[in-house]
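I opened my notebook to look up a few things in this structure, starting with strands and moving on to rings. Here is what I wrote down as I went.

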Amino acid sequence: MNLLKELRERFRSALGTLVDNPEELLEMVRPSQDPRFGDYQANCAMPLGKRLGKPPREIAAQIVARLEWDEMCEPPEIAGPGFINLRLRTDWMATRLRESIQDSRVGVEPVETARTYVVDYSSPNVAKPMHVGHIRSTVIGDALCRILRFAGHRVISDNHLGDWGTQFGMIIYGYKHFRDEAAFAAAPVGELCRLYQLVSQLVDYHETRRRLPDWERRVAEREEAAAYQEAEALPAGGAERKRAAKRLRGLQAQAAEARAELAQAQEKLAAVERSPRLKSLVAEHPDIAQNVLQETARLHADDPENLALWHKFLPKCCEDIQRLYDRLHVAFDYTHGESFYQKHLSSVVRDFLDRGLACISDGAVCVFLDGFDTPMIIRKSDGAYLYATTDLATIAYRMRAFQPDAILYVVDHRQSEHFEKLFAAVRMWGYTDVELQHIRFGTVLDAKGKPFKTRAGDTVGLEGLLDEAVRKAHDVVRANDDAKPGGAELDGTQRRHIAEVVGHAAIKYADLSQNRTSDYIFNFDKMVALEGNTATYMQYSYARTQSIFAKGNIDVCRLRAADAALRLEHPAERALGLELLQFAEAIEETLVDYRPNLLTGYLFELARRFSEFYQQCKVLQAETESVRTSRLLLCDLTGRVIRCGLDLLGIQVVDKM
RNA sequence: GUCCCCGUGGCUCAAUUGGAUAGAGCGUCGGCCUCCGGAGCCGAAGGUUACAGGUUCGAAUCCUGUCGGGGAUACCA
């Protein structure tokens, strides 16, 4: 049962006799933040008192008088300016907990009206190794799918692969000119990655070389501007003076930034020139950038040779990506990449033009939108399509194929403006009754707050990251097992399995436990520290629940089936019981804004309550048989809720660790 | 220049969207294993929620301004 919903229903009846539309007032019934104010509180008497022109405490008394609380709560208290504090009766809680124990969904009812969700996440570019930047989309998207499904919705997960862009032009060009046949036969994806990196380095070299004068000019301009500003006499007046000083600081910062960019570009060129091999390749392929674009264009124009190469490469790339998904236990209902929508792009553009929603500007097909300075371009002046075009075609397809109530895009926050425009264009196009959400998340940063890169400046490979986490987890598992009082109890296979589970969980949890909208600082040591608010703490709590049953030789099925009473006499028992009953609320709350960190927060709180209980209440050696049984039931439900909650986050548990 | 996001103890983050004395973890200091797993528990120190105004019964949250950080800015994705 969802306690909050139940309470709000009761308040709806009570408030119905006082006001016409109690909806917004019901929002003000909520869990208390401080246990001294009870388990739940209703804050609606204050605004209502204002509206009705009566003292809030008087209103509160009227609400309480109309409220059906008797078997659920202790007598409500009115406190402060008019807070209504509610404390649940423990016998009522015990009954609800018994219901949860009998329930395979541990007390979480499916939503009354199921919606259909399309969730678009992960979306890596094939032919480029997946890196740390993909982890958030993949992990958050997967968790949201799981939570939505468990809540009772229909969910279609779709991996919108980048399988049609310029990176294919790069590897096709690379394959044609630089391939190592033996290496390709032995490890195709590794060779393709090498080719991608090589070609992009060469393209980058020429691009940098070409733009070097621009950067040099910009440094000169900015330094001049800063020098000019500095030479100006500072105005005497306070505000004027401050503004001038600020301006100077800004200009100096801009000059420094330009100098840094220039130095970086020069270093890039020097790096290539230091290598005799790269230097000669650069000289041999002066027009590589255009040629790469041409290879891409040929692919898009169904050139047989390039299409054949595409068909040759794509499955290999997908296998490679799939291996990572298997490791992470992430699965998709569909993997419709960009290539899947190619056939529809021209008709999308034509439709926009025909209906007067788009116009041609500087040779490009543009959709001008209210509130945006720049248009959304859906066809370049050279005739090529863009990802905005593909996104439009994708929405049309999804509306046709799945009739969703909502489409969620789990994508980096830097693409916010793209999605704002996209959604606005979609509304204009006529799709008005679908919820479109950009589930944005922040950038992964290093300890210095810069985007997470290797020392050489490359992005960090996802696979290596997982390996590292597992390796660190294995060290901890081994040390912990060796230190067990009765001696080590795990063999090598078990240790490796536990290390996998714990290591992957650490990475996923570190990501999910953070408010997704903020950037997050990637820190291995903290992540695998295995203490505090981490997956490991929860997994550890779970293992302790299971360990009790193993130690006491308890048949859990029989335990659940027996008609034993649940007792919540000790404060730690009551606190744990209340937390267990709030699982349904946590799930509902998580889905309001699609924020998995609310679920991790709940699970952490639950694990803490359990640790307190575990510390203070003997289970196997309880004073009486009935207390022992009651506590065993609490352990059972705790273990199940933790396991279920972690499962919704894509995290596994183990019985021993 | 314009637009968007952000600023919370030394560090990393919460705060149920306007509720009561702003909570955790890490780190620091002090307790707790002859006792079901100490990856734990209990306690202490640490805050003018960047700053200044405003809105109201009530503000970290909403509005205005200032300072600081990040991002996006027509033919990449």
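**Entry 1: a sheet.** I began with V29 and asked which residue is its bridge partner in β2. The partner of V29 there is A42. I was reading a predicted model, so I keep that in mind throughout. Stepping back to the strands themselves, I found that β1 and β2 (residues 40-42) pair in the antiparallel sense, over 3 bridges. As a reminder to myself, strands of a sheet pair through backbone hydrogen bonds, either parallel or antiparallel.

Next I traced the sheet. It is open and has 4 strands, in the order β1-β2-β4-β3, with antiparallel pairing. Why do β1 and β3 each have one side without a neighbour in the sheet? β1 (29-31) and β3 (77-79) stand at the edges and have a single partner strand each, so one side of each stays free of a neighbour in the sheet. I also looked up the twist: ignoring direction, neighbouring strands are turned by 30° against each other on average. Then I checked what packs on this sheet, and helix α4 (residues 56-66) does, touching β3 and β4 (83-86). The direction of α4 makes about 165° with that of β3.

**Entry 2: aromatic pairs.** I searched the whole structure for these and got 23 aromatic pairs. One of them is W164 with W310, an edge-to-face pair at 5.2 Å centre to centre, with 90° between the planes. Where do the two residues lie? W164 is in the loop between β6 (154-158) and α7 (166-178), while W310 belongs to helix α13 (residues 304-328), so this pair ties together parts that are 146 residues apart in sequence. I asked whether W164 and W310 are buried or exposed. Both W164 and W310 are buried.

I then turned to Y173 and F178. Their ring centres are 6.2 Å apart and their planes stand at 65°; the cut-off for edge-to-face is over 60 degrees, so this pair is edge-to-face. Y173 has a relative accessible area of 4% and is buried. F178 comes out at 12% relative accessibility, and since buried means under 20%, F178 counts as buried.

I noted a cluster as well: ring pairs link Y334, F340, Y341, Y397 and F402.

**Entry 3: arginines over rings.** Last, I looked for charges over ring faces. R96 lies over the face of W92, at 4.8 Å from the ring centre. R544 lies over the face of Y614, and here the distance from the ring centre is 4.3 Å.

Definitions and conventions: Residues numbered from 1 in each chain as written. Chains lettered and ligands numbered in written order. Predicted model: local features only at pLDDT ≥ 70, side-chain atom pairs only at ≥ 80, totals over all residues. Heavy atoms only, no water. Pairing = 2+ DSSP bridges. Axes fitted to C-alpha atoms, helices over the stretch in contact; angles between N-to-C directions. Contact = heavy atoms within 4.5 Å. Phe/Tyr/Trp six-rings, centres within 6.5 Å; stacked < 30°, edge-to-face > 60°. Buried < 20%, exposed > 50% of the residue type's maximum accessible area, 1.4 Å probe, protein only. Lys NZ or Arg CZ within 6 Å of the ring centre and 35° of its normal.
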